[in-house]
Each structure stands twice: as structure tokens, then as C-alpha cells.
Amino acid sequence: MGEQAAGQQVEHGRSAHGYGAELTTRQFAVLILAIALGTLLEWYDFFAYSQLNAYLTQVFFPSGDPAVTQLSFWGVYAVGFISRPIGALGFGHLGDTKGRRICLLISVTMMAVPTVLIGCLPTFAHAGLAAPILLALLRAIQGLAMGGEFGCAMVYLHEIAPAKAKGIVGSLGFASAMVGCMLGVLVVVIMEAIFTPAQMLHFGWRIPFLLSSVSAAAAVALRLHMPEPHEFTQERQQVIRHNLQRIASRRAASFMPSSASAASTDTAGSFRVQALGL
């Protein structure tokens, strides 16, 4: 009766506003903003890094051979792409088992913290080989986060969207990614217009990474109280019930042979007693 009442309440909530969770229109808009900011942040960082090529190569990879310098820079850039599939698998499992909210919270935090730390890294002149190694490590963490964030964000948008608008709401995730790409390029262009090349080498290259802390803080704050979609919670309950039924059936199957064996033993014992005339 309790499950039936809960199911009726969910259906009533859906018919009231059409969303995939108990939300008002304002709350739904805030959720869209929370997802968009996180996705924007991730793609912003990837494009900002590539646009700062002229400065990061000198700061972290000051080799006398330009070819070695470029290969080192783009090699570290590729680390973020190589780790993406691993992040997608890991966060996909996390989202299915622990929930969409915790998955999206961890992914945006894992993206934001390394991005800000890149803006605080010591240069090759101050730390030697430790500087590019730390940069590569932070890029790998960003790749893990990006692999998990984008897929989970798209799934979440699809699940909370009204039935008649799942396509358009789901597309907002990709749209925010493209806005992040354009913003990454725009911020670097503005920095280059404000500062001289010498200033960019000295401190200007750090600013685009540090600026991401603003959108990151907003994204984390907005995602703290995200509700789980009804579609996800209902499917998880079905999986739990199925697993409980499977465990119960296995327990029953393992109990039956032992019961039959005990019964046959009792039967054999009584036969021996009767045969001996006892």
C-alpha cells in the first residue's frame, strides 16, 4: 500500500508540472543553470589551455628545440583526452549506484579544483621538471572529471525534462559546452588585449584558470540540493526488489536440498530401527 501511494504521488507530481522530479518551474530553471555552469566550466578550461599555447610552452616547457616544446605541450593536452574514457566508465557506475546528484557534485569539484591549481602552479624556472609533471597530473584529473560530467549531465537533463521537451532540454548540455569553448577563447583574447606579452608570461596566463573559480563555486552551490529524477529512483527500486527476490530464491534453493537430505536421513534411520525390531 505504501509503495502504491508513493507511486500515485509521483504520477500526480508529474501530471502537475510535467518534470521528471518534484520541481517548480523556478527550481527547474535553477537545475538547468547548475548543469550548464558545470559543463561550461569544463569545456572553458580545455579551450583556454589550448589558446594559451604561446605562453604555457615557455613557462612549463622551455626547451631549445621548438618541436620538443610543442610535442610536450600537446602531449600534456592529450592526457586530458586519454583519461576521459576512464572517467566516463567510473562516473557512469557511480551515477547508477549512488545517484546522479553525487556524481555531478564530485565531477564538477574534480574539474574546478585542478583548474584553479593550474593557475597556482610554479613554473619550470622555479620547480624544474616538477612543474610539467604536476601540470600533466592535473590535466589527467580534469580529463577524468570531464569524462564523467558530460555524460551524467546529459542523462540528468533528459531524465528531469518534461516528456514533450526531452530533446530540447537535453541539447542544452551540448549548447553550454559550446558556450564554454567560445568563452575560453574570448577570455584569452581579452587578456592578451589588456596585458603585454611580457605580462602574460609573468602572470597573465594564470588569470583564465583562476577566473574559473567563480563559475565553479556557483555550480557546486547550485548542485548541492539537486533532486534525483523519478525515472532513476523508480528504476533503482526495481533493481533492489529484483536483487532481493533473487537472493531469496537462492536461499530457498540452497535450503531445499539440505531439508530433503535431512528428511531422507530420518526415514533411513527409522527403517533401520524397524528392521532391528527395536
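**Exercise 1. Which residues of α6 are buried?**

Before we start: this is a predicted model, where local features need pLDDT of at least 70 and side-chain atom pairs count only at pLDDT 80 or more, while totals for chains, interfaces and linings use all residues. Residues are numbered from 1 along each chain as its sequence is written, and side-chain values use heavy atoms, with hydrogens and water left out.

*Solution.* Step one, the terms: buried is under 20% relative accessible area, exposed is over 50%, and partly exposed lies in between (1.4 Å probe, protein chains only). Helices (H or I, at least four residues) and strands (E, at least two) are DSSP runs, numbered from the N terminus. Step two, the list: Arg-100, Cys-103, Leu-104, Leu-105, Ser-107, Val-108, Met-111, Ala-112, Pro-114, Thr-115 and Ile-118 are buried in α6.

**Exercise 2. Check the span of helix α6 (residues 100-118).**

*Solution.* The expected span is 1.5 Å times one less than the number of residues. For the 19 residues of α6 that gives 27 Å, and the end C-alpha atoms sit 28 Å apart, which agrees.

**Exercise 3. Describe the chain as a whole.**

*Solution.* Start with the elements: the chain has 12 helices and 0 strands. Next, burial: 38% of its 278 residues count as buried. Then contacts, meaning heavy atoms within 4.5 Å: of those with a separation of 6 or more, 80% come from residues 24 or more positions apart. Last, the accessible surface (Shrake-Rupley method, 1.4 Å probe) is about 14800 Å², and 70% of that belongs to carbon and sulfur atoms.

**Exercise 4. Find the largest nonpolar core and see which helices feed it.**

*Solution.* A nonpolar core is a set of buried Ala, Val, Leu, Ile, Met, Phe, Trp, Tyr and Cys residues joined through side-chain atoms within 4.5 Å. The largest one has 31 residues, and Tyr-49, Leu-52, Leu-56, Phe-60, Leu-135 and Trp-205 have the most contacts inside it. At least two of its residues come from each of α2 (25-51), α3 (53-60), α4 (66-82), α6, α8 (130-160) and α9 (166-194). A separate core holds 16 residues, including Leu-31, Cys-103, Leu-157 and Val-169.

Now zoom in on α3: 6 of its 8 residues are buried, so the helix is largely enclosed by the rest of the structure. Those buried are Asn-53, Tyr-55, Leu-56, Thr-57, Val-59 and Phe-60. Beyond its neighbours within four places in sequence, Phe-60 touches Leu-121, Pro-122, Phe-124, Ala-131, Pro-132, Leu-135 and Trp-205.

**Exercise 5. Is Arg-223 buried or exposed, and what is it in contact with?**

*Solution.* Place it first: Arg-223 is in helix α11. At 0% relative accessibility, Arg-223 counts as buried. Neighbours within four places aside, Arg-223 contacts Ala-34, Ile-35, Gly-38, Thr-39, Arg-101, Leu-104, Leu-105, Ser-107, Val-108 and Glu-149. Take Leu-105: it is 118 residues from Arg-223 in sequence, yet 6.3 Å away in space, C-alpha to C-alpha.

Now repeat for Ser-212, which is also in α11 (residues 207-223). Its relative accessibility is 2%, so Ser-212 counts as buried. With neighbours within four places left out, Ser-212 contacts Leu-41, Tyr-44, Thr-115 and Val-116.
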